[in-house]
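Me: I should like a close look at a single part of this protein, explained for a first-year student. Please take one strand and its surroundings, and then set that part beside the rest of the fold.

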Amino acid sequence: VLTLAHHTPGRYGHEAQAMTTTFASYAAVSIENARLYDSAQEQAYASAALLQVAQAVVSLSDLDEILGTIVRVLPILVGVERAVIFTWKAESARFRAAQSYNLPEDFPARSFAPGEFPLLDEALRRGQAVLSAQAHLGPLAWVTLSAGQAESDESLLLGDDRLLMAFPLMVKGESFGVMLAEESLGGRRFRRRRLEILTGVAQQVALAIQNDLFQQETFARERLETEVQLARQIQQAFIPETLPELPGWQLAASWRTARQVGGDFYDVFLLPNQRVGLFIADVADKGVPAALFMALTRTLMRAAVLETDSPAAALGRVNSLLYPDCQQGMFVTAFYGVLDWASGRFTYANAGHNPPLHLNAGGEISRLTRTGMALGVVESLEIDERSLSLQRGERIFLYTDGVTEAFAPDGEMFGEERLPALLKNAPDVEGVLAAVNQSLADFCGDLQPSDDITMIAVMRNEASAGK
């Protein structure tokens, strides 16, 4: 037509040329409209395919079911011959075939370390789809494909070979695995749209895996919170609700954990012959393990004091029973004193614990220093015991390192230097504990305690009912 219009002379030639131009314009519009229609159809289909996958994700609660459904619908939705979803576990540093379709029976059972399946490594390294034209070699040969054979370039998209496509399963830079898909025969048609759909599917798979991990973490956290609450209830059951009332004496104690459960504890119990036992200890750990170890130590201590009147012998007995269970580096510092409240005699042993303070009648402060190592450190513990006589008005203050190792916002440590003045100036034992707690609050400001804080104060009254 164009040739005829070009060679037709005169007015008829010009008319023919105009008609031809008009026809060409209509043809171009028709072709463009067809292309737009195909593009719209492709886009609509892509949206529908992704919607199908999304429905599978939201309608199922089990991750294996979700992944299995996805690999089974991919051949129907986007025309793939085979598909496999590998999950990546950073803690084990391995890829594991979680779900697959149309693969050899022995393939899905395999797992791969980094470097054993280069295509998987390359997909995660790039953070985008990686293509290979070696799909015809078969799944068992996929693991041999090197990064050089997996270049995602334009020539692969335009080529006639079936493609093997690796899609990273990532959310905000966090890797969850890789999805592999092999094109069906004749898969060149709509290849770019297929690549777009599979990229969207990979994103949904990654979100499904991330959501499953979040749910697992939430469940584990809720279970841990339940266990911690139970541990706290058990721990509180071992802390005395009330203290013995001793004629002519004052006793006060406080126990505050830095977490829901802690490793500090104390015990005050009556003994035969007008005596009372004072026990304070600190497990070298925090949380639930420390709470359980604390319960064990307290139980053993209660049994040991029934076997001997000697504080040193009681602590030695507890050490011999604890040591076999201290192989994980856990130990406990402890101070145990026996007060004869009729005579004022106080006999004690200090197994690696913070030295309690003794305020005598003359206003002088002395420290009841360590007489042996902490419990659970060595199998045969050598520990000494000492004694002193408490006169009227004299006091003893027992505490754990949560008091002295409290920190101010500027990093300064509370230390021991502030304690003597607080012990001297308080009117009674309740006042001692209140003064220490207030001083700690003022010193630490808005900082939460980093360690448990446990204290016991004992004082012989000025007007004693005894001597």
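Reply: The following account begins with one strand and then moves outward to its neighbours and to a second region. The model is a predicted one, and the description should be read with that in mind.

The strand chosen is β5, which covers residues 164–171. Of its 8 residues, 8 are buried, so the strand is largely enclosed by the rest of the structure. In a regular strand the side chains alternate between the two faces of the sheet. In β5, L164, A166, P168 and M170 point one way, while M165, F167, L169 and V171 point the other way. The residues of both groups are buried.

Next come the partners of this strand. Strands of a sheet pair through backbone hydrogen bonds, either parallel or antiparallel. Strand β4, residues 130–132, pairs with β5 in the antiparallel sense over 3 bridges. Within this pairing, V130 stands opposite A166 of β5. Strand β6, residues 174–183, also pairs with β5 in the antiparallel sense, over 8 bridges. Here F167 has M179 of β6 opposite it. The link between β5 and β6 is a hairpin with 2 residues between the strands, and K172 in that turn has a positive phi of about 50 degrees.

A helix also belongs to this neighbourhood. Helix α4 spans residues 118–126, and its buried residues are L119, L120, E122, A123 and L124. The elements that cover these buried residues include β5 itself, together with β1 (80–89), β2 (94–101), β4 and β6. After α4 comes G127, which has a positive phi near 75 degrees.

The other region to consider is a sheet elsewhere in the chain. It is an open sheet of 5 strands in the order β8-β9-β10-β11-β14, with antiparallel pairing. Strands β8 (264–271) and β14 (386–389) stand at its edges with a single partner strand each, so one side of each has no neighbour in the sheet. On average, neighbouring strands here are turned by 15 degrees against each other, direction ignored. Inside the sheet, β9 (residues 275–283) and β10 (residues 332–340) run antiparallel and are joined by 9 bridges. The bridge partner of I280 in β10 is F335. Helix α8 packs on this sheet and touches β8, β9 and β10; the direction of α8 makes about 15 degrees with that of β8.

The nonpolar cores complete the comparison. The largest nonpolar core has 53 residues, and those with the most contacts inside it are F279, L315, Y336, L339, F346 and L375. Helix α8, residues 287–304, gives the most to this core, with 7 residues. A second, separate core has 34 residues, including L74, L77, F167 and I197. F167, described above in β5, is thus listed in this second core.

Within the largest core, F279 deserves a closer look. Among the residues that F279 touches are F265, F269, M301, L315, F335 and Y336. F279 also forms one aromatic cluster with F265, F269 and Y336.

Aromatic rings appear in other places as well. A pair of aromatic rings is described by the distance of the centres and the angle of the planes. F397 and Y399 form a stacked pair, 5.5 Å centre to centre with 20 degrees between the planes, and both residues are buried. Finally, the charged end of R418 sits over the ring of F414, 5.2 Å from its centre.

Definitions and conventions: Residues are numbered from 1 along each chain as its sequence is written. This is a predicted model: local features need pLDDT of at least 70, side-chain atom pairs count only at pLDDT 80 or more; totals for chains, interfaces and linings use all residues. Side-chain values use heavy atoms; hydrogens and water are left out. A nonpolar core is a set of buried Ala, Val, Leu, Ile, Met, Phe, Trp, Tyr and Cys residues joined through side-chain atoms within 4.5 Å. Buried means under 20% relative accessible area, exposed over 50%, partly exposed in between (1.4 Å probe, protein chains only). Helices (H or I, at least four residues) and strands (E, at least two) are DSSP runs, numbered from the N terminus. Contact means heavy atoms within 4.5 Å. Rings of Phe, Tyr and Trp (its six-membered ring) pair if their centres lie within 6.5 Å; planes under 30 degrees apart count as stacked, over 60 as edge-to-face and the rest as tilted. A charge sits over a ring if NZ of Lys or CZ of Arg is within 6 Å of the ring centre and within 35 degrees of the ring normal. Two strands pair if DSSP finds at least two bridges between them. Axes are lines fitted to C-alpha atoms, for helices over the stretch in contact, and angles run from 0 to 180 degrees between N-to-C directions. Lists of a residue's contacts leave out its neighbours within four places in sequence.
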